[in-house]
2 protein chains.
Amino acid sequence: MTQSLKKETHVRNSCTLNKAIADCFEKLTDEELLLFEENHVVLTYKKGETLCKQGSMASHIMYICCGLVKIYMENENNSLILKVLPGGNMIGLTALLEGSNVFKYSAMAYQECKVRLIDINAFKKVISQNSAFAKEVINILCENLIQTQTRFFSYTQKQSYGKLADTLICLSCNIFKCDAFELNLTRKELAELTGLTPESVIRILSKFKADNIIVMDGKTIQIMDMAKLKMISDYG
Amino acid sequence: MTQSLKKETHVRNSCTLNKAIADCFEKLTDEELLLFEENHVVLTYKKGETLCKQGSMASHIMYICCGLVKIYMENENNSLILKVLPGGNMIGLTALLEGSNVFKYSAMAYQECKVRLIDINAFKKVISQNSAFAKEVINILCENLIQTQTRFFSYTQKQSYGKLADTLICLSCNIFKCDAFELNLTRKELAELTGLTPESVIRILSKFKADNIIVMDGKTIQIMDMAKLKMISDYG
DNA sequence: TATAAATATTGATTTACATCACATTTTACA
DNA sequence: TGTAAAATGTGATGTAAATCAATATTTATA
């Protein structure tokens, strides 16, 4: 009951940002928990450090205990942030695909993170023997897929103001869970997150400020008129 | 061995178009096959008919026996084709997500299709009891997720020429498996598939024709210079 | 604390693509 | 088979957002 309520308050729509908490570990037997226990390490990553690099071998599934991580794809020139993950989420599930155990994206710590690295073979083994666990993994993958598709669609439809409004709403509702939050992202990162250039982001933020939709003070952004912001997000 | 070879020849990159064949049914016991047998219907959809509508209840998982289907998201004004699926693929897997048994996208037949509709509860039951089956479903979901992410990234990076080159390569390599193919899509549909306007698609096709990259004769398109097309796709 | 480097901001210019308008061809169907 | 409707094709125009350029501010560090 509480859970379904929780899910309803989560802004899913076109959001970049994940709040889906991995419930799968609750489904494990003591024996399986022990297997994970024996095949894991917990690492701490500092702000700016790389958790995994696109193209490298994925020998582990990563579980973010706490912190904030950006997941992004990159090529020579550009990069696109696929999502931003707070604690409770997993990285590298797509490496479960048979014959493709390579990270398809990179991950970088926005804030200091505690990350649990679980051996991918142990993970696969438990999937093979525990259907309830497998079902939860399926749930997480479905959630990811829906989110990515929805965000893709929204990305193709909306233009700059809508996109940035979207991003601000998601940061506020899904990540910081607060109207006012300290944005420890550079304008460049906010631009990547939104799919715009830093200059455009700055211009739009200024406009939002002039229209009293947000208040900016240093790195702190406070959303004053969420209704208007939602309208901008919906309209385009 | 043959399988890994098959996978290598499949152009994955930024392709709209799926070739991933659902292997999962091979993992079923006789009993489970019987359960599916008792809880399925096979329907034939004519060209242009809707297989499922975004927002409607997903009471079935659909397996495309043969034909060609477009999967797309839509709102009042626009639509984005997420992928094009030939026979061997499944529709509606994301409805497996607990508490979200609604289609997130619509599906329409490009060609006449034979579709097997399997009751979603039977499907979920088998996932719960057969880990090998669940594992295959995980494989398919991973494949879908990787494809969607890659396509999203590519969409944000490439511009019109690269996008259309991409689409043509995928049609040729993954769908029709032939350098020359009869394009039973309108320019409007090709535009939707590529994320451009019909006018732009026409202009670019004319340019490709003028540069001897393709030959067009009525509805038939033949790729004359695949290398050049790949270069355009890679370059942008 | 001074200086360099990175980041943020503002304005001018460019550009890729959409939009619009209209002509032509193909397809549907009465 | 003839006519309307839909699809295709082409040119002119508009525009959102990128790019470019130059300055101001913040942050890093020697």
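Visitor: A polar contact is a pair of N or O atoms within 3.5 Å; within protein, one must be able to donate a hydrogen and the other to accept it, and residues adjacent in sequence count only if both atoms are side-chain atoms. How many residue pairs are in polar contact between chain A and chain B?

Guide: There are 7 such pairs between chain A and chain B, with both residues at pLDDT 80 or more. This is a predicted model, in which local features need pLDDT of at least 70, side-chain atom pairs count only at pLDDT 80 or more, and totals for chains, interfaces and linings use all residues. Residues are numbered from 1 along each chain as its sequence is written, chains are lettered from A and ligands numbered from 1 in the order in which they are written, and side-chain values use heavy atoms, leaving out hydrogens and water.

Visitor: How much area do chain A and chain B bury between them?

Guide: About 4,100 Å², with 72% of it on carbon and sulfur atoms (accessible area, 1.4 Å probe, lost on being put together, summed over both parts). On the chain A side, Gln149(A), Phe152(A) and Phe153(A) lose the most area to chain B, together 17% of what that side buries.

Visitor: Which elements of chain A touch chain B?

Guide: Strands E4 (68-74) and E5 (79-86) and helices H3 (120-129) and H4 (131-157) of chain A each give two or more residues (DSSP runs numbered from the N terminus: helices are H or I, at least four residues, and strands E, at least two). H4(A) contributes the most, with 21 residues.

Visitor: Now H3(A). Which of its residues are buried?

Guide: Ile120(A), Ala122(A), Phe123(A), Lys124(A), Val126(A) and Ile127(A) (under 20% relative accessible area, 1.4 Å probe, protein chains only). Their cover includes H2, E3 (60-66), E6 (90-91), E8 (113-119) and H4 of chain A, together with helix H4 (131-157) of chain B.

Visitor: What caps the N-terminal end of H3(A)?

Guide: Asp119(A) does, with a side-chain oxygen 3.0 Å from the backbone nitrogen of Asn121(A).

Visitor: And how many aromatic pairs are there over all chains?

Guide: The count is 17 (ring centres of Phe, Tyr or the six-membered ring of Trp within 6.5 Å; planes under 30 degrees apart are stacked, over 60 edge-to-face, the rest tilted). Phe25(A) and Phe36(A) form an edge-to-face pair, 6.3 Å centre to centre with 80° between the planes.

Visitor: Which parts does that pair tie together?

Guide: Phe25(A) lies in the loop between H1 (2-9) and H2 (30-38) of chain A and Phe36(A) in H2 of chain A, so the pair ties together parts 11 residues apart in sequence. Phe36(A) is buried, at 5% relative accessible area. Phe25(A) and Phe36(A) also form one aromatic cluster with Tyr63(A), Phe123(A) and Phe133(A).

Notes. Buried area is the accessible area (1.4 Å probe) that two parts lose on being put together, summed over both. Buried means under 20% relative accessible area, exposed over 50%, partly exposed in between (1.4 Å probe, protein chains only). Contact means heavy atoms within 4.5 Å.
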